[in-house]
There are 2 protein chains.
Amino acid sequence: MPKIVERYEGYLIDLDGVLWAGQKVFPDAIRAVNSLHSLGKSIVFLTNNSTKSRAQYVEKLRKIGVGWVREQDIVNSGFATAKLLKEQRGPLKAFPFGDVGLYVELMLQGHRLVTEDWCWAGDVDAVVVGMDPNVTYWKIGAAANAIRAGADFVATNPDKTFPTERGLMPGAGTMIAALEAASGRGPDLIVGKPYKPIFDMALSVLGIEKSKVLVVGDRLDTDVIGAKNARLDCALVLTGVARAEDVEASSAKPNYILGSLEELLLR
Amino acid sequence: MPKIVERYEGYLIDLDGVLWAGQKVFPDAIRAVNSLHSLGKSIVFLTNNSTKSRAQYVEKLRKIGVGWVREQDIVNSGFATAKLLKEQRGPLKAFPFGDVGLYVELMLQGHRLVTEDWCWAGDVDAVVVGMDPNVTYWKIGAAANAIRAGADFVATNPDKTFPTERGLMPGAGTMIAALEAASGRGPDLIVGKPYKPIFDMALSVLGIEKSKVLVVGDRLDTDVIGAKNARLDCALVLTGVARAEDVEASSAKPNYILGSLEELLLR
């Protein structure tokens with residue numbers, strides 16, 4: 001058995017840029033996660049993307065050949081945020097500033113979704129901000145008003161942009177910047193990578209001690225720095241955002257640099 | 001003749017918070033500007049608001065009793081931005097990220113308005129950003145892409161919010177923050193108060209030497225600081241955003257503090 005796989009029992013594996021990029025699926029990466037699973041390794045898929053629900057990710061993963069995956073194997077930032085808010089503060093009146101996946105995860109944790117009217121009435125516990133493809137001027141105004149009136153400003157993840165076939169598109173971090181300008185203050189909590197909350201949640205799902213866990217991802221700013229923040233080992237794969245020369249230029253150094261996820265099983 | 005009016009020949013008078021606040025018009029302020037005009041003073045109305053065209057301001061001002069006003073008596077940030085771009089760079093392919101008033105002023109200066117398709121094609125000279133009530137996710141993405149492809153990032157004004165009957169609403173500064181996050185860089189040029197370009201333009205319209213010009217406005221961060229940046233005297237009126245206690249707490253000190261515009265004629 002190769003050295004890396006021998007060393008780690010648990011794997012926190014990013015999705016976009018690792019198993020696929022946009023519409024393009026990487027068949028060798030699918031084979032790799034299935035091999036890891038066959039070897040008895042524990043795997044949690046860990047993504048900052050809050051636009052899809054965990055059920056939607058299960059559907060997508062099964063469709064592309066990851067047949068064994070269950071909802072509990074997925075920790076995305078929408079789910080992590082909804083669950084953390086529930087654990088820390090109980091069910092909340094939440095204003096969802098994001099895509100459908102965020103609405104679903106908030107509902108499933110028992111939060112009550114409220115509308116812009118609640119924001120203007122100052123009757124909101126938390127504004128929960130992810131990537132919102134349906135952002136409007138009035139939604140920004142209403143959410144900012146709720147924050148000024150005392151609602152928590154909670155963000156799923158800080159990514160300012162993310163790559164698509166068409167080019168970089170605005171991410172949750174762009175929504176955060178708009179709300180910060182409009183409300184006069186920054187987020188009270190950011191759950192996703194590189195911040196700790198999402199790693200803590202993924203580790204508790206995994207149930208394996210830190211020294212035997214490997215983070216795998218394609219970004220220096222979220223995956224590698226996040227792993228370092230969480231004091232976890234990490235492998236950077238070069239199938240997504242980061243290039244080999246980016247690693248040289250960065251102070252964030254992964255433990256392993258892999259051409260693709262499949263190399264994990266060969267080295 | 002009272003002391004202040006004796007001292008200044010030219011007046012750069014803000015509109016919102018001085019002549020009106022939202023839907024509420026101040027009749028004594030209207031009387032005051034008409035009296036100034038009758039005394040032979042030169043007046044330019046100077047506003048950071050880019051949502052209306054100069055023609056629309058003329059219409060509004062005439063309707064509420066300022067019968068003598070002409071388009072050339074108005075310098076708003078949309079007009080100033082369009083004119084400055086024309087003078088500095090000639091007619092441009094401009095992507096308008098703002099309200100109707102900005103579109104109109106860009107057109108009147110001979111710029112060619114282009115659509116999101118041009119942004120994705122990287123064929124835009126300047127993204128011109130004001131308060132945009134019709135902001136969408138795709139518009140942010142397209143404009144950020146144009147900026148990354150080399151278009152100038154030009155903003156009409158930096159106000160992050162502005163007061164309305166309903167509460168604070170997002171201003172041009174909120175649009176700037178979103179585009180800054182999505183494009184990875186800040187504006188190349190901001191035209192409106194407190195920055196100098198709009199004061200330079202208003203002064204050239206006025207044609208009166210600086211020592212005889214008074215700036216009148218209701219905000220410390222734009223009007224008073226702007227006047228100081230432009231080395232002009234200024235009067236703060238307390239009918240808008242700033243309160244007397246704000247002046248005490250601020251390092252920006254106006255030359256005069258007036259309860260309302262009418263006091264200008266009494267002191």
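## A walk through chains A and B

Begin at A:D73, which is buried, with a relative accessible area of 5%. Keep in mind as you go that this is a predicted model. Now add A:R70 to your selection: A:R70 and A:D73 form a salt bridge, and their closest N and O atoms are 2.7 Å apart. Is A:R70 buried, partly exposed or exposed? With a relative accessible area of 41%, A:R70 is partly exposed, whereas A:D73 is buried.

**Charged pairs in chain B**

Switch to chain B and select B:K193 together with B:D223. Their side chains meet in a salt bridge, at 2.6 Å from N to O. B:K193 is in the loop between β12 and α9 (196-206) of chain B, and B:D223 is in helix α10 (residues 220-229) of chain B, so this pair ties together parts that are 30 residues apart in sequence. Show the surface here, and ask whether the two residues are buried or exposed. Both B:K193 and B:D223 are buried.

Next, pick B:R267 and B:E263. Here too the side chains meet in a salt bridge, at 3.2 Å from N to O. B:R267 is partly exposed, with a relative accessible area of 39%, and B:E263 also counts as partly exposed, at 26% relative accessibility.

**A network in chain A**

Go back to chain A and select A:K193. Which residues are linked with A:K193 in a network of salt bridges? They are A:D14 and A:D223. If you would like to hunt for further pairs yourself, the count over all chains comes to 28 salt bridges.

**Aromatic rings**

Time to look at rings. A pair of aromatic rings is described by the distance of the centres and the angle of the planes. Over all chains, the count comes to 10 aromatic pairs. For one of them, select A:W20 and A:Y57: this pair is stacked, with 6.5 Å centre to centre and 10° between the planes. The pair links distant parts of the chain, 37 residues apart, with A:W20 in strand β2 (residues 20-21) of chain A and A:Y57 in helix α3 (residues 54-63) of chain A. A:W20 is buried, with a relative accessible area of 4%, and A:Y57 is buried as well, at 2%.

Stay in chain A and bring up A:W120, A:Y137 and A:W138, which ring pairs link into a cluster.

**Charges over rings**

Now select A:F97 and view the ring face-on. What lies over the face of A:F97? A:K139 does, at 5.9 Å from the ring centre. For a counterpart in chain B, select B:F79 and B:R54: the charged end of B:R54 sits over the ring of B:F79, 3.6 Å from its centre.

**A loop and a surface patch**

In chain A, find A:P133 in the loop between β8 (126-129) and α7 (137-148). A:P133 counts as partly exposed, at 24% relative accessibility. Then add A:G98: the two residues are 35 apart along the chain, while their C-alpha atoms are separated by 7.2 Å.

From there, move to helix α5 (residues 100-108) of chain A and select A:V104, which lies in this helix. A:V104 is partly exposed, with a relative accessible area of 31%. Add A:V100, A:Y103 and A:L108, and you have the residues that, with A:V104, make a nonpolar surface patch of about 350 Å².

**Sheet and hairpin in chain B**

Switch to cartoon view for chain B. Five strands form an open sheet in the order β7-β6-β8-β9-β12, with parallel pairing. Which strands stand at the edges? They are β7 (112-113) and β12 (189-190); each has a single partner strand, so one side of each is left without a neighbour in the sheet. Within this sheet, zoom in on strands β8 (residues 126-129) and β9 (residues 152-155) of chain B, which run parallel and are joined by four bridges. Select B:V127 to follow one position: its bridge partner in β9(B) is B:F153.

For the last stop, go to strands β10 (residues 161-164) and β11 (residues 167-170) of chain B. Four bridges join these strands, which run antiparallel. The two form a hairpin with two residues between them. Finish by selecting B:F162, whose bridge partner in β11(B) is B:M169.

Key: Residues numbered from 1 in each chain as written. Chains lettered and ligands numbered in written order. Predicted model: local features only at pLDDT ≥ 70, side-chain atom pairs only at ≥ 80, totals over all residues. Heavy atoms only, no water. Patch = residues over 30% accessible without salt bridge, like charges linked within 9 Å, V, L, I, M, F, W, Y side chains within 5 Å. Areas by Shrake-Rupley, 256 points an atom, 1.4 Å probe, with all protein chains shown as cover. Salt bridge = Lys/Arg side-chain N within 4 Å of Asp/Glu carboxyl O. Buried < 20%, exposed > 50% of the residue type's maximum accessible area, 1.4 Å probe, protein only. Phe/Tyr/Trp six-rings, centres within 6.5 Å; stacked < 30°, edge-to-face > 60°. Lys NZ or Arg CZ within 6 Å of the ring centre and 35° of its normal. Pairing = 2+ DSSP bridges.
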